[in-house]
Amino acid sequence: MDTTTTTTPAPAYPIGRPAGHDARFCCGLALDVATVLHRYGYPAVCTGADLLRVQQALFNLIYQEKTP
(Lines give C-alpha, C1' and ligand atoms only; values in the text may rest on other atoms or scores of the structure.)
Protein backbone atom coordinates (compact mmCIF):
# COMPACT_ATOMS: atom_id res chain seq x y z
CA MET A 1 0.00 0.00 0.00
CA ASP A 2 1.36 3.40 -0.99
CA THR A 3 1.31 5.81 1.93
CA THR A 4 2.85 8.69 0.01
CA THR A 5 1.18 11.94 0.87
CA THR A 6 1.20 15.03 -1.22
CA THR A 7 0.99 18.47 0.22
CA THR A 8 -0.90 21.28 -1.34
CA PRO A 9 1.29 24.30 -1.98
CA ALA A 10 0.57 27.42 0.05
CA PRO A 11 -1.65 29.97 -1.71
CA ALA A 12 0.22 32.60 -3.69
CA TYR A 13 -2.40 35.28 -3.00
CA PRO A 14 -2.87 37.61 -1.32
CA ILE A 15 0.59 39.14 -1.23
CA GLY A 16 1.74 41.92 1.07
CA ARG A 17 0.98 45.44 0.03
CA PRO A 18 4.05 47.23 -1.26
CA ALA A 19 5.41 50.15 0.74
CA GLY A 20 5.18 52.37 -2.32
CA HIS A 21 3.54 52.33 -5.72
CA ASP A 22 3.27 48.95 -7.49
CA ALA A 23 3.65 49.71 -11.19
CA ARG A 24 2.13 46.34 -12.10
CA PHE A 25 -1.22 47.40 -10.64
CA CYS A 26 -2.44 49.77 -13.31
CA CYS A 27 -5.51 50.60 -15.35
CA GLY A 28 -4.22 48.32 -18.09
CA LEU A 29 -4.38 45.32 -15.75
CA ALA A 30 -8.04 46.02 -14.99
CA LEU A 31 -8.80 46.56 -18.68
CA ASP A 32 -7.10 43.26 -19.59
CA VAL A 33 -9.13 41.40 -16.96
CA ALA A 34 -12.31 43.11 -18.19
CA THR A 35 -11.50 41.99 -21.75
CA VAL A 36 -11.04 38.39 -20.63
CA LEU A 37 -14.31 38.47 -18.70
CA HIS A 38 -16.10 39.76 -21.80
CA ARG A 39 -14.49 37.04 -23.92
CA TYR A 40 -15.99 34.49 -21.55
CA GLY A 41 -19.44 35.91 -22.08
CA TYR A 42 -19.76 38.37 -19.22
CA PRO A 43 -21.05 41.87 -19.94
CA ALA A 44 -18.53 44.36 -21.28
CA VAL A 45 -17.11 46.94 -18.88
CA CYS A 46 -18.58 50.09 -20.37
CA THR A 47 -18.53 52.64 -17.56
CA GLY A 48 -16.00 54.08 -15.19
CA ALA A 49 -17.97 52.66 -12.28
CA ASP A 50 -17.64 49.14 -13.72
CA LEU A 51 -13.89 49.59 -14.27
CA LEU A 52 -13.51 50.85 -10.70
CA ARG A 53 -15.27 47.72 -9.42
CA VAL A 54 -12.91 45.51 -11.44
CA GLN A 55 -9.92 47.39 -9.99
CA GLN A 56 -11.25 47.07 -6.44
CA ALA A 57 -11.88 43.34 -6.85
CA LEU A 58 -8.36 42.83 -8.19
CA PHE A 59 -6.85 44.89 -5.39
CA ASN A 60 -8.68 42.80 -2.79
CA LEU A 61 -7.59 39.58 -4.50
CA ILE A 62 -3.95 40.56 -4.86
CA TYR A 63 -3.09 42.45 -1.67
CA GLN A 64 -3.63 41.59 1.95
CA GLU A 65 -4.69 44.05 4.58
CA LYS A 66 -1.90 45.87 6.36
CA THR A 67 -1.57 44.78 9.94
CA PRO A 68 -1.16 47.49 12.56
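How many salt bridges does a search of the whole structure find? The search finds 2. This report describes a predicted model, and the distances, angles and accessibilities below were computed from that model.

## The two salt bridges

One of the salt bridges joins the side chains of Asp22 and Arg24, with a distance of 3.0 Å from N to O. Its two partners stand in contrasting surroundings. Arg24 is exposed, and its relative accessible area is 61%. Asp22, by contrast, is buried, with a relative accessibility of 12%.

The side chains of Asp50 and Arg53 also meet in a salt bridge, at 3.6 Å from N to O. Both residues belong to helix H2, which covers residues 48-62. Asp50 and Arg53 are separated by about one helical turn, because they are 3 residues apart in that helix. Asp50 has a relative accessible area of 28% and is partly exposed, whereas Arg53 is exposed at 53%.

## How the two helices pack

Two packed helices are described by the angle between their axes and by the distance between those axes. For H1 and H2, the angle is about 100° and the axes lie 9 Å apart. An angle of 65 to 115 degrees counts as roughly perpendicular, and H1 and H2 are therefore roughly perpendicular to each other.

Which residues of H1 meet residues of H2? On the H1 side they are Cys27, Leu29, Ala30, Leu31 and Val33. Their counterparts in H2 are Leu51, Val54, Gln55, Leu58 and Ile62.

## Ala30 at the helix contact

Ala30 lies in helix H1. Is this residue, Ala30, buried or exposed? Ala30 is buried, because its relative accessible area is 1%, and the cut-off for buried is under 20%. When neighbours within four places in sequence are left aside, Ala30 is in contact with Leu51, Val54, Gln55 and Leu58. These four residues are also among the H2 residues that meet H1.

Two C-alpha distances link Ala30 with residues further along the chain. Leu52 is 22 residues from Ala30 in sequence, and their C-alpha atoms are separated by 8.5 Å. Gln56 is 26 residues from Ala30, with a C-alpha separation of 9.2 Å. Gln56 itself is located in helix H2. Its side of the pair has another degree of exposure: Gln56 is partly exposed, at 43% relative accessibility.

## A nonpolar patch at the surface

Which residues make the nonpolar surface patch of about 450 Å²? The patch consists of Val36, Leu37, Tyr40 and Tyr42. One of these residues, Val36, has its place in helix H1, which covers residues 27-39. Val36 counts as partly exposed, with a relative accessibility of 37%.

Val36 also takes part in a long separation within the model. Thr4 is 32 residues from Val36 in sequence, and the distance between the two in space is 39 Å, C-alpha to C-alpha.

## The segment before H1

Where is Thr3 placed? Thr3 is in the segment before H1. Thr3 is exposed, with a relative accessible area of 62%. The C-alpha atoms of Thr3 and Glu65 are 39 Å from each other, and the two residues are 62 residues apart along the chain.

Pro14 also lies in the segment before H1. The peptide bond that leads from Tyr13 to Pro14 is cis, and its omega is near 5°.

## Summary

The predicted model contains 2 salt bridges, Asp22 with Arg24 and Asp50 with Arg53. Helices H1 and H2 pack at about 100°, and buried Ala30 is among the H1 residues that meet H2. Val36, in H1, contributes to the nonpolar surface patch. Before H1 come Thr3 and Pro14, the latter joined to Tyr13 by a cis peptide bond.

Conventions: Residues numbered from 1 in each chain as written. Predicted model: local features only at pLDDT ≥ 70, side-chain atom pairs only at ≥ 80, totals over all residues. Heavy atoms only, no water. Salt bridge = Lys/Arg side-chain N within 4 Å of Asp/Glu carboxyl O. Buried < 20%, exposed > 50% of the residue type's maximum accessible area, 1.4 Å probe, protein only. Helix = DSSP H or I, 4+ residues; strand = E, 2+ residues; numbered from the N terminus. Patch = residues over 30% accessible without salt bridge, like charges linked within 9 Å, V, L, I, M, F, W, Y side chains within 5 Å. Areas by Shrake-Rupley, 256 points an atom, 1.4 Å probe, with all protein chains shown as cover. Axes fitted to C-alpha atoms, helices over the stretch in contact; angles between N-to-C directions. Parallel < 35°, antiparallel > 145°, perpendicular 65-115°, else oblique. Contact = heavy atoms within 4.5 Å.
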